[in-house]
Amino acid sequence: MVLKLHNQAYFFWEIVESISESIVKYLHISRENHFYCQIININPDQADTYKCFATNEYGKAVCTTTLNVIAAGFKKKSQGGSGQEPHDFRSMLKKTVVVTRKKQLPPQKEGEIDPKLWELLISAPKKDYEKICLEFGVTDFRWMLKRLNQMKKERADEQAKVVEKLENVKQIEVKPNGKAEFGFDMQLWDPNSAVNLYKDGIMVPYADDENSKHSLRKKGTNYLFTIKDPQPEDAGFYQVDVEEANVLTTEFRVPAVEFVDKIKDAKAVESEDAVFQCVLSTPLNRITWSREDSSLEHGDKYEITISEDKLTHTLRVKDCEIADKGAYYAIAGIASSRASLMVEDRGVQFVSGLSDTNANTGERVEMSCKLSSETSEGRWYKNGKLLTNEDGITIIKDGAFHRLIVDCCKKDDAAVYRFEAEGRKSEATLNIQDPPKMDPDALGNFTKPVIIKAGENAEWKLPFSGQAPMTIQWYKNDDELLPALNVKIETSDSESQLRLIKCQRKDSGEVKIKIKNEFGTTEAVSKLIVLGYPGPPAVPKVVSAFKDCINLTWSPPCDTGGTKIVGYNLEKNKKGTNYWSLVNQKGPITDTKYAVKDVFEGAAYEFRVSAVNLSGAGDPSIPCDTVIARDPMKPPGKVTDLKLTSSNYTTFSLAWTKPKEEQGVEDEAQGYYVEIRPIESLEWTRCNTTPITLTSYTVLGLKAMATYWVRVIATNYGGDGEPQSFDNYIIAMPPPVKPKFKDRNMKTFVVVKSGNTVRLNINFEASPMPEIFWLKDGIPVPKHVTITNSDKGSQLLIPTSERTDTGIYTITVKNMVGQESFNVEIRVTDDPKPPGPVELEQNIPGTVTLSWTPSPDEKRDDRLHYMVSKRDSFKRTWRTVADNLFNNKFTVVNILPGRQYHFRVFAKNDMGLSPPSESPVFETKKEKEKFQVNRPEIKHRIFDSPPSFIVPLKRRTAPQGYECYMSCAIKGDPAPRVTWYWNNISLNTNTNYHITNVCGVCSLLILRVGPKDNGEYKVVIQNKLGTAESSMTLNVRGIHKV
């Protein structure tokens, strides 16, 4: 604790027991059991740490404080001489200063959020976040929420040590009474916990007296702090702590602002809006709008707006009510403006007015309205004429409700009706409608079914009424009927008639009339029943057959002819004749089953049945299957030799042998059923609904590559025999075939010009349908390559080829039997560009060495090589002197003096030759001298020289299947002996290599390079003066199968 005083220091002690008499001049105990210690004429030597001790029968307590004495600018003379005790110490207690500092917040760092903002947001409710952030210049605070929530949790954990419950925290706000207030609801664990108030980190003393500058009014759990008569110097950062835990942080800002234009009294009629507006001298983001008891917030009731320059602030009170009258305040900083709102009563009002009504003639109609007053009287008017109960209407007043009732509407009741009360009026239109109506008695007759016999006429007639014009439509089975030869429609203003001529059985059904006018639609439905002959029954079924009796049954017909079925006629036909004879000679059969006894043993019969109703017998049914009059048979045995004769992706072809017949055990098979069952199913499906007599069958409609179980069942009149199945399931596919490629002359190398389409068609044979894979250089083909597969082939398509598409393409065809692969090298290239300028150099007489700049395509086409041609002035024709050159230099031999030579160098690739690059003219002049013989002086000169390489061998990479040409130029005297080696094996006697040595140019030609030609090639030259060698490595770019 640091005190800066003129000459005295006061200390505040809690329950002091003993203080040194050398420094304590006076000790006093206050009413609140507080002890004060006064040190007279304090000096720097008395700066020290002081302790207070308090003891009683329960124990001892110690309190420690530190006194720092700071030298003051002057000393005040003590009254009554030096060291004199003050006479009124109580009056001096009012001057006691207790200074306690709260730990300061860290200063704001550049680019970071002000710590004060974090403190304010921790204490503020979410609805105030935006307002507080705007005051600190922060427009988007959403990114702060995560950290803020963490800080709030930490603060809540800190508060929980001393506070049981904290809610309803309110930030500081200037109220209409001129005081600044802030507070909260709080329950403490210990009611004796100290509650301290700080301003800008310095403790502020407060009292419970409302007349004090700073006061705390506590009511129950509510704590309300008040600053009386706030001034600019009261602005600051206020914090409330319980012990050491912060429970509220708020900032009191006092902007330098005045009201240029204050709010003015307003008057509004009930349910209208009232507006208060003020103008400030300084722009503010917001001001406080308030009534006597509460602040006003923007919402459904109040609309608060601010002008763009933030000087004009407006409050709109919406839908004013009587309760809204009173005083309203606009508070900006510590300045305020007051105005009153007067709300006038509107008088009687319509809570709900009259509404337009539609009514049909003869109906009861009611029109009503409701007033805001139950005591108000009113009058009813019709087309401006006053109405009373004597006008055939009923007028009722029921409190605030007023009703007008017309019991039975007539056309002349249509009018404009008005209700008036105390100067207010509401009107509506009553429209009387006359929709189509039908006479109830006539309607009852109409709805009865009309029953006629086939070939007779049917007639309907229906009278109606309603306002014209009306539209009448007739329907049969929902299809509109129009006048025709067999349809007659007659319609008048009050009646419509329908007549159907010569009706048939098919005309039976629903008959409907629809009558429509502008006010509505009405319908009536009748039914037409045309009686006729019944339809054919279902096909008779043979229940059992014996040598002297055949039992049959059948189902009634769907069409009874409109009347009850009285019986059936059963007919038989002996197989081989065209005559049908009636079985029931004594009359119709009343049941749906019959035993036919008039049969001959071993004879085959067909039976048919017809229904009989009141109109007579109808058409007969379809005949039943042929049945033989004989005793029941035993079911047949199993078929034998069941085998699969052929198959493909959709069919099976089966064959079997007829089962053997055993008398009394297994009778003869008369037909066969074929059944299949998918392997994933448990149910058998019968492929043929009727038995087949052949011992072979083709099952159709199978799923490709699906797996089936197959069985065959023999059958006869005695029933089905036991099924015969295959031992294994069958797959719907052709016989297995290992994949193989069909075309024997398939290309293994394809050259395509860049930009053209590449299309490879590979045909193969495989069963079942194989999987097809395409790879390029061992990896899947790029996305721009289109692959189209079928069961017989595959196509690779590159619509627009590029050089990057060059590579080895591998197709692999694989199925359950095996797999096969095929490689195709595709080379995408372009016409070669010519090489650069050709230079000539003569190193050895009789030879000339050509050198040229490489073609620009050499780097991206490893198969590009060069060809050299020559023309001399003697022969005048071009002749190729070198081909398959993979370097940029060549020595031409047999150059004769006296002739002019022209040379051309071509770049060459798989597309062909480039334009030539021509050399300058080369000529060695032949000097002609006068012939004379001079015996030269014999001089012994030595021309011997050791062997050396003028042009050494160079490293080569050659494609498989192409020629490979290697060359070098040598010198030496005597002429050196030349030996070629491959991996240190001499090649001079190997006939697979073409070796030449012309005028010092040594060459080796491999006609068709293969993988075995990889390795090191070396030339060794040797004469009596020494040895020299040159080597190179040949890499063959081969084709590797996948």
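Reader: Which criterion defines a salt bridge here?
Author: The model under discussion is predicted. A salt bridge requires a side-chain nitrogen of Lys or Arg and a carboxyl oxygen of Asp or Glu, with the cut-off set within 4 Å.

Reader: How far apart, N to O, are the side chains of aspartate 478 and lysine 512 in their salt bridge?
Author: This pair links distant parts of the chain, 34 residues apart. Aspartate 478 sits in the loop between strand 35 and strand 36, whereas lysine 512 belongs to strand 39. Their side chains meet in a salt bridge with an N to O distance of 3.7 Å.

Reader: Is aspartate 478 buried or exposed?
Author: Exposed residues have over 50% relative accessible area. Aspartate 478 has a relative accessible area of 55%, so this residue is exposed.

Reader: Why does lysine 512 count as buried?
Author: Residues under 20% relative accessible area are classed as buried. Lysine 512 counts as buried because its relative accessibility is 14%.

Reader: Which residue does lysine 213 meet in a salt bridge?
Author: Lysine 213 lies in the loop between strand 10 and strand 11, and its partner lies in the loop between strand 12 and strand 13, 21 residues apart. Lysine 213 counts as partly exposed at 34% relative accessibility, whereas the partner counts as buried at 7%. At 2.8 Å, N to O, the partner is aspartate 234.

Reader: Which strand gives the largest share of the largest nonpolar core?
Author: This core holds 28 residues, and Phe182, Phe184 and Met186 are among those that touch the most other members. Several strands give two or more residues to the core, including strand 7, strand 8 and strand 13. The largest share, five residues, comes from strand 8.

How values were computed. Residues numbered from 1 in each chain as written. Predicted model: local features only at pLDDT ≥ 70, side-chain atom pairs only at ≥ 80, totals over all residues. Heavy atoms only, no water. Core = buried A, V, L, I, M, F, W, Y, C linked by side-chain atoms within 4.5 Å. Buried < 20%, exposed > 50% of the residue type's maximum accessible area, 1.4 Å probe, protein only. Helix = DSSP H or I, 4+ residues; strand = E, 2+ residues; numbered from the N terminus.
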